[in-house]
Amino acid sequence: MNKHQEEHTGVLESVLRRCDALGLDSWLLDQTAGFIVQPGAPAHGCEVVRAARAALARPAPHEPVPVLIGPEEWAVPLVGPCGRVLVVRCGAGLSPARLCVFLREMADDLDRQIRDAGLLHDFSGKLMQSYEETYTLFRIMRFMASSAEPLQQMRMVCGNVHQILPFGWVCVVFRDDPRVVDDLRGAVVVCGECPIAKADREKMIAQMAATASEDGWTKVHPPGSCQLAKACGSEIVCDPITYDGAVIGMLLAGNKGGADPEVASPEMQFIDAVADFLGTFHENLARFSEQRAMSIGTLQALTAAIDAKDAYTRGHSQRVAFLSQSIASAMGMGPDHAERVRIAGLVHDVGKIGVPEAILCKAGKLTDEEFAMIRRHPEIGHGILKGIVLLEDTLPGVLHHHERWDGRGYPHGLKGEEIPLVARMIGLADTFDAMSSSRSYRPAMPREKVLAEIERCSGTQFDPTIVAAFGRVDLSQYDAILQQQHDAEMAGHRRAA
Ligand SMILES: [Fe+2]
């Protein structure tokens, strides 16, 4: 019995109850159950069944026509779907024709009422689903604006789409393509239960992402139409994530559950909207990353220019940046944190821009006044960088990289753990590099001597924990940078000659 037939059967039962309330004898007959009469068989049961059969045999069975069943006694049948017939007895004093009109109108009214209630119910269900989808989109948008890791944001998007739509699983995949930002390149995030084993699934999805053609994109893959749809045994929705007009990833969903296994239009619209969000999200990440790379490039050029004021400090900032990052990693900091330490190391001496070249490059002994000017470079650097949001977390390293563990450093004479950790790391990296390279006042010291000096100063100039971490740093890469910078300088000299 379909939904409409069920509703109509409900109409006949309602008419039966109303007839009963009006004191009219009435019965509901069910043809499929062999014309069982409800409720109870009437005294003239044969006539009632005969009237029902006569009605069903007529060319227009739904129009009630009275059947004479006795002297001044009629049976008026009202036919419903599925062979159910309501029969109402029309005795003396009642007009059978009027009873027919009355029954027909009552049935039509009830039918309309039930249909309207059904429409309202459907509409309110759709409205509720739309509200939930809109709210989910809002939640996704808000989370994408947060500072969480991009991969974690993808997991959240996947989880929310899976929660709101009746799919068995949802997946976000980004192509292994240089246009995709580093954090998301080649990433595959799946939420829900996919009937394929993880390794096979990831292989199929990555292959699908790599080979999907931008022209004539197929949004719904019927079961069996591609490797993934075949393995899942269901339709696969596949919406492209784009960046600068090119497809860089996909939002996939499959194994739809519920009464209707076919993907519906509102579900497609929702998936479309989320895929668009993901495209915008990636674009923001890419633009931010470009901007950051540009800013870091500018900083590198600036610090290199400052280092170049003195021939003996060329490449110093880049090497200190590398060593600071290596110490941070050796201390167990994650890649993001270590990268921030690297940037702080890169800009630690930016304040030297405010120190005259004649003082920075002076070969002889510095006067007290000249020495005082050099000692001002951490505060000058701090003053230069403090308005730049991107470099906010480098400020403690810039200001305090000349403090000493025993409190005899500058500018504030901070002691022990009062000195920010990043400044303690840069302080050691700075001293190591200064001793390892030639200066205007002395040649480079041998490696063993430098390491012995660092060890000797542990607990006085340096934090012992950082000295221990430095002992775990592989210095071969540092030596490679030193050699590379030396070769580049020699090549420059040859070109100039
Ligand atoms: Fe410095």
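Colleague: In which helix is the place of Ile-327?
Modeller: This is a predicted model. Ile-327 falls within residues 316-330. That stretch is helix α8.

Colleague: Is Ile-327 buried or exposed?
Modeller: Count the C-beta neighbours inside 10 Å: Ile-327 has 26. A residue needs 20 or more to pass as buried. So Ile-327 counts as buried.

Colleague: Which residues does Ile-327 touch, leaving out those up to four places away in sequence?
Modeller: Several partners carry numbers in the 420s, among them Met-425, Leu-428 and Ala-429. The others are Ile-466, Ala-469, Phe-470 and Val-473.

Colleague: How far apart in space are Ile-327 and Lys-352, C-alpha to C-alpha?
Modeller: Along the sequence, 25 residues separate Ile-327 from Lys-352. In space, the C-alpha to C-alpha distance is 24 Å.

Colleague: Which residues of the largest nonpolar core touch the most other members?
Modeller: This core holds 45 residues. Five of them touch the most other members. They are Cys-158, Cys-171, Leu-251, Leu-252 and Val-274.

Colleague: Which strand gives the largest share of this core?
Modeller: The largest share is seven residues. They come from residues 167-174, which form strand β6.

Colleague: Which residues does Val-274 touch, not counting those up to four places away in sequence?
Modeller: Val-274 is one of the residues that touch the most other core members. Its contacts include Leu-251, which is also on that list. The rest are Ile-140, Val-157 and Val-161.

Colleague: How many residues are in the second, separate core?
Modeller: This core includes Ile-306, Val-398, Val-467 and Ala-469. Ala-469 is also touched by Ile-327. The second core has 33 residues.

Colleague: Are α3 and α4 roughly parallel or antiparallel to each other?
Modeller: Helix α3 covers residues 96-144, and helix α4 covers residues 150-164. Their axes come within 10 Å and cross at roughly 175°. Angles over 145 degrees count as roughly antiparallel. The two helices are therefore roughly antiparallel.

Colleague: Which residues in α4 meet α3?
Modeller: On the α3 side are Glu-132, Glu-133, Thr-136, Arg-139, Ile-140, Phe-143 and Met-144. On the α4 side are Gln-153, Met-156, Val-157, Asn-160 and Ile-164.

Colleague: How many residues of the contact of α3 with α4 are nonpolar?
Modeller: Three residues of this contact are polar. Three are charged. The nonpolar ones number six.

Colleague: Why is the protein chain said to be more spread out than a compact globule?
Modeller: The chain has 17 helices and ten strands. For 497 residues the globule rule gives 23 Å. The chain is well over that, so it is more spread out than a compact globule, with a radius of gyration of 41 Å.

Colleague: What box do the C-alpha atoms of the protein chain fill?
Modeller: The box is taken along the principal axes. It is roughly 140 × 45 × 35 Å.

Colleague: What distance separates the C-alpha atoms of Ser-436 and Asp-109?
Modeller: Ser-436 lies in helix α14. It has 20 C-beta neighbours inside 10 Å, so it counts as buried. Asp-109 is 327 residues away along the chain. The C-alpha atoms of the pair are separated by 97 Å.

Colleague: Which peptide bond is cis, with omega near 10°?
Modeller: Look in the loop between α13 and α14, the place of Pro-411. The cis bond leads into this proline. It runs from Tyr-410 to Pro-411.

Colleague: Is Asp-244 buried or exposed?
Modeller: Asp-244 is found in the loop between β9 and β10. Its phi is positive, near 50°, in a residue other than glycine. It has 9 other C-beta atoms within 10 Å, and 12 or fewer is the cut-off. So Asp-244 is exposed.

Colleague: What is the phi of Asn-255?
Modeller: The place of Asn-255 is in strand β10. With 19 C-beta neighbours inside 10 Å, Asn-255 counts as partly exposed. It is not a glycine, yet its phi is positive, at about 55°.

Key
Residues numbered from 1 in each chain as written. Predicted model: local features only at pLDDT ≥ 70, side-chain atom pairs only at ≥ 80, totals over all residues. Core = buried A, V, L, I, M, F, W, Y, C linked by C-beta atoms within 7 Å. Helix = DSSP H or I, 4+ residues; strand = E, 2+ residues; numbered from the N terminus. Contact = placed C-beta atoms within 7 Å. Axes fitted to C-alpha atoms, helices over the stretch in contact; angles between N-to-C directions. Parallel < 35°, antiparallel > 145°, perpendicular 65-115°, else oblique. Nonpolar A, V, L, I, M, F, W, Y, C, P; charged D, E, K, R; others polar. Rg over C-alpha atoms; globule rule 2.2 N^0.38 Å.
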